[in-house]
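Trainee: I should like to go through this structure and ask, for each term applied to it, what justifies the term. Could we begin with the helices and then turn to individual residues?

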Amino acid sequence: MPAVSDPTATVTEIEGRRLRLTHLDRVLYPETGWTKAAALRYYALVAPRLLPHLAGRPASFLRFPAGVDGPRFWAKNVPGGAPDWLTTLDVTHREGEMRQVVVADLPTLLWAANLGALELHVPQWRHTPAEHDRLVIDLDPGPGATLVDCCAVALLARRELAADGLTAWPKTSGAKGLHLLVPLRPAPERAAADYARGLAARLRAAHPELVVDRMDKALRAGRVFVDWSQNSSAKTTAAPYSLRAGRRPGVSAPLTWTEVAACRRPDDLAFTPERAARPGADPMAGLTDPANAGALG
């Protein structure tokens, strides 16, 4: 079958790397008409703030080659035909050996976005799944609860974490909830998971009307599920500034604690790519500073 020509394709050089960007006019979010060109532009704008959060971590890409209404699939292994200048990491997962991309620079970020990798996910560890350098607390509102309730639980969790000598940085999940990310001195997977589970139990015991720490849907009505299980080495979380593939383009956007405390309605923390890409400092910059890493136990 002859190749289909792409009149919108462009060949460009970015930081010394040659990229062929294709189907730039393809609509990725039909409800808004948002195109691949817009996605590439967004990632180029936020790259200085995004890349430090991806550094050293094997990326898992959630790809939507035809847009959010088309087929979607996870891509972890380096795909065939990938440029030889990509930074990669050989990772031993429970299911076997995998060579994954590390998004180390702007050319790699735009290469991935050009493949339809709208969502960028990374684990809570670098280099080896045996040692975690980050804790994640995933706050997910059940039926009848909202992002406002997640903000209330986030403030309670922040207080508990601080009492244990840990500092948390908040971000939106890009859907209905919040993520709290905590930098750690390298700790075994079990220690991180056990700490997160214990924190969730403490919050539920102190605030049973607001918090649930079990996944059972019957328990979650009107409450916020504190999902501690995301600290498994096998799981990944949307990176700060990653696009999310809802009906409209959204972002897993870093927040200040002032924004969390001031939230009165879910739309207060609904970030479009345009809002997330506004010039300014990264509210989550301290997350990547080794001086802020705390110890478990």
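Mentor: Let us begin with helix 2, bearing in mind that the model is predicted. Its buried residues are Leu106, Pro107, Thr108, Leu109, Leu110, Trp111, Ala112, Ala113 and Asn114.

Trainee: What makes helix 2 largely enclosed by the rest of the structure?

Mentor: Nine of the nine residues of helix 2 are buried, so the helix is described as largely enclosed. The cover over these buried residues includes helix 1 together with strand 1 (10-14), strand 2 (17-21), strand 5 (60-63), strand 8 (96-102) and strand 9 (117-122). After helix 2 comes Gly116, with a positive phi near 85 degrees.

Trainee: Why are helix 1 and helix 2 called roughly antiparallel to each other?

Mentor: Their axes cross at roughly 150 degrees and come within 10 Å. An angle over 145 degrees counts as roughly antiparallel, and the two helices are therefore given that description. Helix 1 passes helix 2 in a right-handed crossing.

Trainee: Which residues of helix 1 and helix 2 meet?

Mentor: From helix 1 they are Lys36, Leu40, Tyr43, Ala44, Ala47, Leu50 and Leu51, and from helix 2 they are Leu106, Leu109, Leu110, Ala113 and Asn114. By class, the residues of this contact comprise ten nonpolar, one polar and one charged.

Trainee: What makes helix 3 oblique to helix 4?

Mentor: Helix 3 (residues 147-163) and helix 4 (residues 189-206) pack at an angle of about 125 degrees, and their axes are 11 Å apart. Roughly perpendicular covers 65 to 115 degrees and roughly antiparallel requires over 145. The angle of about 125 degrees belongs to neither class, which makes helix 3 oblique to helix 4. Helix 3 passes helix 4 in a right-handed crossing.

Trainee: Which residues make the contact between helix 3 and helix 4, and how do they divide by class?

Mentor: Helix 3 contributes Leu156, Ala157, Glu160 and Leu161, while helix 4 contributes Tyr195, Leu199, Arg202 and Leu203. Six of the contact residues are nonpolar, none is polar and two are charged.

Trainee: Which residues touch the most other members of the largest nonpolar core?

Mentor: They are Tyr42, Tyr43, Phe61 and Leu139, in a core of 77 residues. Helix 1 (residues 36-54) gives the most to this core, with nine residues. Another core, of five residues, lies apart from it and includes Trp169, Leu181, Met284 and Leu287.

Trainee: With which residues is Tyr42 in contact, leaving aside its neighbours within four places in sequence?

Mentor: On that basis, Tyr42 is in contact with Trp34, Tyr241, Leu243, Val251, Pro273, Ala276 and Ala277.

Trainee: How do you know whether Met98 is buried or exposed?

Mentor: Met98, in strand 8, has a relative accessible area of 11%. Buried means under 20%, so Met98 is classed as buried. Leaving aside neighbours within four places in sequence, Met98 is in contact with Lys76, Asn77, Leu89, Asp90, Val91 and His93. The C-alpha atoms of Met98 and Leu40 are separated by 27 Å, and the two residues are 58 residues apart along the chain.

Trainee: Why is Leu219 called partly exposed?

Mentor: The relative accessible area of Leu219 is 33%. Partly exposed lies between the 20% limit for buried and the 50% limit for exposed, so the term applies to Leu219. Leu219 is found in the loop between strand 13 (211-212) and strand 14 (224-227). Beyond its neighbours within four places in sequence, Leu219 is in contact with Val212 and Arg214.

Trainee: What makes Glu15 and His127 count as exposed?

Mentor: Exposed means over 50% relative accessible area. Glu15 has 57% and is therefore exposed; His127, at 54%, is likewise counted as exposed. Glu15 lies in the loop between strand 1 and strand 2, and His127 is found in the loop between strand 9 and strand 10 (131-141).

Trainee: Which sign does phi take in Glu15 and in His127?

Mentor: Most residues other than glycine have a negative phi. Glu15, which is not a glycine, has a positive phi near 50 degrees. His127 is not a glycine either, and its phi is positive, about 70 degrees.

Terms used
Residues numbered from 1 in each chain as written. Predicted model: local features only at pLDDT ≥ 70, side-chain atom pairs only at ≥ 80, totals over all residues. Heavy atoms only, no water. Core = buried A, V, L, I, M, F, W, Y, C linked by side-chain atoms within 4.5 Å. Buried < 20%, exposed > 50% of the residue type's maximum accessible area, 1.4 Å probe, protein only. Helix = DSSP H or I, 4+ residues; strand = E, 2+ residues; numbered from the N terminus. Contact = heavy atoms within 4.5 Å. Axes fitted to C-alpha atoms, helices over the stretch in contact; angles between N-to-C directions. Parallel < 35°, antiparallel > 145°, perpendicular 65-115°, else oblique. Left-handed = near helix turned anticlockwise from the far one by under 90°. Nonpolar A, V, L, I, M, F, W, Y, C, P; charged D, E, K, R; others polar.
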